[in-house]
Amino acid sequence: MFVWSKRLVAALLGLFVLTLGVFFLNTAPSNTSSLKIYITGWMAINYLGLIVWVFVWMIDQARMRGKNFWVWLVPFIVAPLPTLLLFVLFLQRRI
């Protein structure tokens with residue numbers, strides 16, 4: 001893979017661990033809604049990590065096939081899942 005370098009993976013893992021540390025150290029007041037806050041934060045951290053992974057994967061696949069990825073950037077920011085599906089269909093079309 002072209003895009004996944006050891007430095008990039010180390011930086012992304014470090015960012016994830018830092019975000020996770022902030023998440024666990026940021027304690028909410030003891031009440032019934034604190035569980036909702038933790039679950040929402042945990043889901044947000046994992047969703048953002050998944051979006052970054054898909055973004056890097058799309059760059060890698062576009063580079064391997066000699067296509068331009070940057071035209072897909074704005075649609076990916078607006079709607080990641082439909083853009084990913086259209087991107088995969090675009091890469092699999094017959095030439």
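This report walks through the folded shape of one protein chain, from its helices to its core and its surface.

## The overall picture

The model you are looking at is predicted. Its secondary structure is easy to describe: there are four helices and zero strands. If you follow the chain from start to end, the pattern reads α-α-α-α.

How much of the protein is buried? Of its 95 residues, 23% are buried. The accessible surface comes to about 7,400 Å², and carbon and sulfur atoms account for 72% of that area. Contacts tell us something about how the chain folds back on itself: among those with a separation of 6 or more, 52% are between residues 24 or more positions apart.

## The nonpolar core

Let's look inside. In soluble globular proteins, nonpolar side chains tend to be buried together. Here, the largest nonpolar core has eleven residues: Ile51, Val54, Met58, Ile59, Ala62, Phe69, Trp72, Phe76, Leu84, Phe87 and Leu91. Two elements, helix 2 (34–65) and helix 4 (80–92), each give two or more residues to this core. Helix 2 gives the most, with five residues.

Ala62 is a handy core member to click on. Which residues does Ala62 touch, leaving aside its neighbours within four places in sequence? The partners are Lys67, Phe69 and Phe87, and two of these names, Phe69 and Phe87, also appear in the core list.

## Thr83 and Pro75

Now move to Thr83, which lies in helix 4. Is Thr83 buried or exposed? Its relative accessible area is 5%, and buried means under 20%, so Thr83 counts as buried. Setting aside neighbours within four places in sequence, Thr83 is in contact with Met58, Trp72, Pro75 and Phe76. Met58, Trp72 and Phe76 are part of the largest nonpolar core.

The remaining partner, Pro75, is found in helix 3 (residues 73–78). A polar atom of the Thr83 side chain lies 2.9 Å from the backbone oxygen of Pro75. Pro75 also touches Pro80, again not counting residues up to four places away in sequence. With a relative accessibility of 34%, Pro75 is partly exposed, because that value falls between the 20% and 50% cut-offs.

## Helix 1 and the surface patch

Some nonpolar residues sit on the outside. Phe16, Val17, Phe24 and Trp42 make a nonpolar surface patch of about 390 Å². Which helix gives the most to the patch? It is helix 1 (residues 6–25), with three residues. One patch member to look at is Val17, which is in helix 1. Val17 has a relative accessible area of 55%, and since exposed means over 50%, Val17 is exposed.

Two further residues of helix 1 are worth finding. Leu13 is in this helix and is exposed, with a relative accessible area of 52%. The C-alpha atoms of Leu13 and Gly49 are 9.5 Å apart, while 36 residues separate the pair along the chain. Val9 is in helix 1 too, but counts as partly exposed at 32% relative accessibility. Between the C-alpha atoms of Val9 and Trp53 the separation is 9.9 Å, and these two residues are 44 residues apart along the chain.

Notes
Residues numbered from 1 in each chain as written. Predicted model: local features only at pLDDT ≥ 70, side-chain atom pairs only at ≥ 80, totals over all residues. Heavy atoms only, no water. Patch = residues over 30% accessible without salt bridge, like charges linked within 9 Å, V, L, I, M, F, W, Y side chains within 5 Å. Areas by Shrake-Rupley, 256 points an atom, 1.4 Å probe, with all protein chains shown as cover. Salt bridge = Lys/Arg side-chain N within 4 Å of Asp/Glu carboxyl O. Buried < 20%, exposed > 50% of the residue type's maximum accessible area, 1.4 Å probe, protein only. Contact = heavy atoms within 4.5 Å. Core = buried A, V, L, I, M, F, W, Y, C linked by side-chain atoms within 4.5 Å. Polar contact = N/O pair within 3.5 Å; in protein donor to acceptor, adjacent residues only side chain to side chain.
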